[in-house]
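Trainee: I should like to go through the terms used for this structure and ask, for each, what justifies the wording.

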Amino acid sequence: MATVPTNGANEDYRLVLPQSRVPTHWYNIQADLPVAPAPVLHPGTHQPVGPADLSVLFPMECILQEVSQEKYVAIPDEVRDIYRLWRPTPLVRAVRLEKALDTPAHIYYKSEVGSPSGSHKLNTALAQAYYNKKEGIDSISTETGAGQWGSALSIAGDIFKIAIDVFMVKVSYQHKPYRRSLMQTYGACVTPSPSERTNAGRAILAKNPNSTGSLGIAISEAVEVAAMSGGKTKYSLGSVLNHVLLHQTVIGQEALDAMEEIGEYPDVVIGCVGGGSNFAGLAFPFLGAYTYDFGDTAGMTPLVKMHTLGHDFEPAAIHAGGLRYHGMAPLISLLVDSGHITARAFQQNTCFEAGILFARTEATIPAPESTHAIRAAIDEALDAKAKGEKRVILFNLSGHGHFDMAAYDAYLAGQLVDGEFSAEQLTESLKTVPQLA
Ligand SMILES: *Cc1c(COP(=O)(O)O)cnc(C)c1O
């Protein structure tokens, strides 16, 4: 691989490992955490939930992965075989972006844009559909906001012959007709939410017939369909949960493998964060690699050791408009608390500016979510330039933006408004958090 920005000659700047190097296992960071994660609580009793509580919604294999302490979980052959359709994904050195920034930093990105659904989400969709099918389930309900998750699960449902029932937030259903047709092309049933199909939807429509929906409402509808199905339909979530993060670790393991082949190691690993899955997928295996390398050093936990070595993990929080999930993955929250990951927030205009620079240098139009990671990577590269130091930067290009051109339109027309989020608003919204004894 090029060690200096290339002049366009014959130096490689893109590495695609052979299909045989698709990981055989997912990496489970729960085996390496500095402290045990807090239990998930039942919404009614506030007591820790057991497998039986969750089995209404999820297949047993996913529930077991949710609490598994095994460091490596074997990827079923059936799932790995489909991964090979587009994995391993390329590790690309952004030589043209480096040149445009005139930075001594080396910027690498792991490109998940080439999956059939256009983002990383298919990595977990396939696994979840497979486990459901194996347990005799024939249909899965879910929600989708912008459409990336619904698209991925629709493809997985088609492959493993499971009916996919998607509640799509009504405003997205209306504004993103091609996302809807993409899901329908794979045979999914797509319902604008709120709908008349569920008690939750009917209650909202009774109050406000013109409701354009929200992710929260769509989740309620999808969960209700599963809960009322008498065991026929399960529910599926595209981020946040431990087993979802687990399935995404193919990204980081491939990145580790490819970086080793190139002979570089990142000083900083970056991902945008909605619920946390693409960031965790890239970053967790790097945290784990340190454990593996230095785990035998006495007196310090591996993760603390890793922090001492000065590696920052910096997810950029995505703007409210691009948020699909209420919460952050517990595993990421825990690692932020313990100082192994740091969070950064950016306004969307500065992210679109970064996204357009990326499109005009590296040619791929990034998903709006991914522009937050690009913004952070560019800031790192400019900081390295200001300090005159070489820095190796790795970020996750979680998806392409081909279905998000309305957002680019708005940016190009100067019509994107940066949001404000005040301390008062935060205090206000925290009041809705349940009080625990
Ligand atoms: C869903 C999505 C995200 C945010 O979700 P995470 O679980 O945080 O990864 C980011 N980028 C793209 C392209 C997405 O589709």
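Trainee: What makes the contact between the side chains of Arg-375 and Asp-379 a salt bridge?

Mentor: This is a predicted model, and the term rests on a distance in it. A salt bridge requires a side-chain nitrogen of Lys or Arg within 4 Å of a carboxyl oxygen of Asp or Glu. For Arg-375 and Asp-379 the N to O distance is 3.0 Å, so the pair meets the criterion. Both residues belong to helix 17 (residues 368-386), where they are four residues apart, about one turn of the helix.

Trainee: Why is Arg-375 called buried?

Mentor: Buried means under 20% relative accessible area. Arg-375 has 9% relative accessibility and therefore counts as buried.

Trainee: And is Asp-379 buried, exposed or partly exposed?

Mentor: Its relative accessible area is 27%. Partly exposed is the class between under 20% and over 50%, so Asp-379 is partly exposed.

Trainee: How do you know that Arg-391 and Glu-380 form a salt bridge?

Mentor: Their side chains meet at 2.7 Å, N to O, and the cut-off is 4 Å. This pair links distant parts of the chain: Arg-391 lies in the loop between helix 17 and strand 13, Glu-380 in helix 17, and eleven residues separate them. Both Arg-391 and Glu-380 are buried.

Trainee: What makes the surrounding group a network, and which residues belong to it?

Mentor: The salt bridges share partners, and in this way Arg-344, Glu-380, Asp-383, Lys-387, Glu-389 and Arg-391 are joined into one network. The search of the whole structure finds 20 salt bridges.

Trainee: Which residue forms a salt bridge with Lys-110?

Mentor: Glu-254 does, with the closest N and O atoms 2.8 Å apart. Glu-254 is in helix 12 (residues 250-262) and Lys-110 in strand 5, 144 residues apart, so the pair links distant parts of the chain. Both partners, Glu-254 and Lys-110, are buried.

Trainee: What makes strand 5 mostly covered?

Mentor: Strand 5 spans residues 106-111, and six of its six residues are buried. Each face is covered: His-106, Tyr-108 and Lys-110 are buried on one side, and Ile-107, Tyr-109 and Ser-111 on the other.

Trainee: How do you know that strand 5 pairs with strand 4 and with strand 13?

Mentor: Pairing requires at least two bridges. Strand 4 (residues 91-93) is joined to strand 5 by three bridges, in an antiparallel arrangement; within strand 5, Tyr-109 is the bridge partner of Val-92. Strand 13 (residues 392-397) runs parallel to strand 5 and is joined to it by six bridges, with Ile-393 in strand 13 as the bridge partner of Ile-107. Both counts, three and six, therefore satisfy the requirement of at least two.

Trainee: Turning to the ligand, why may its approach to Ser-239 be called a polar contact?

Mentor: A polar contact is a pair of N or O atoms within 3.5 Å. An oxygen atom of the ligand lies 2.5 Å from an N or O atom in the Ser-239 side chain, so the term applies. At Gly-274 a backbone N or O atom is 2.7 Å from a ligand oxygen, and at Ser-277 a side-chain N or O atom is 2.7 Å from one; both therefore qualify.

Trainee: How much of the ligand does the protein bury?

Mentor: Taken alone, the ligand exposes 380 Å², and the protein buries 100% of that. The surrounding shell has 17 residues, which divide into three nonpolar, eleven polar and three charged.

Conventions:
Residues numbered from 1 in each chain as written. Predicted model: local features only at pLDDT ≥ 70, side-chain atom pairs only at ≥ 80, totals over all residues. Heavy atoms only, no water. Near = heavy atom within 4 Å. Polar contact = N/O pair within 3.5 Å; in protein donor to acceptor, adjacent residues only side chain to side chain. Areas by Shrake-Rupley, 256 points an atom, 1.4 Å probe, with all protein chains shown as cover. Nonpolar A, V, L, I, M, F, W, Y, C, P; charged D, E, K, R; others polar. Buried < 20%, exposed > 50% of the residue type's maximum accessible area, 1.4 Å probe, protein only. Helix = DSSP H or I, 4+ residues; strand = E, 2+ residues; numbered from the N terminus.
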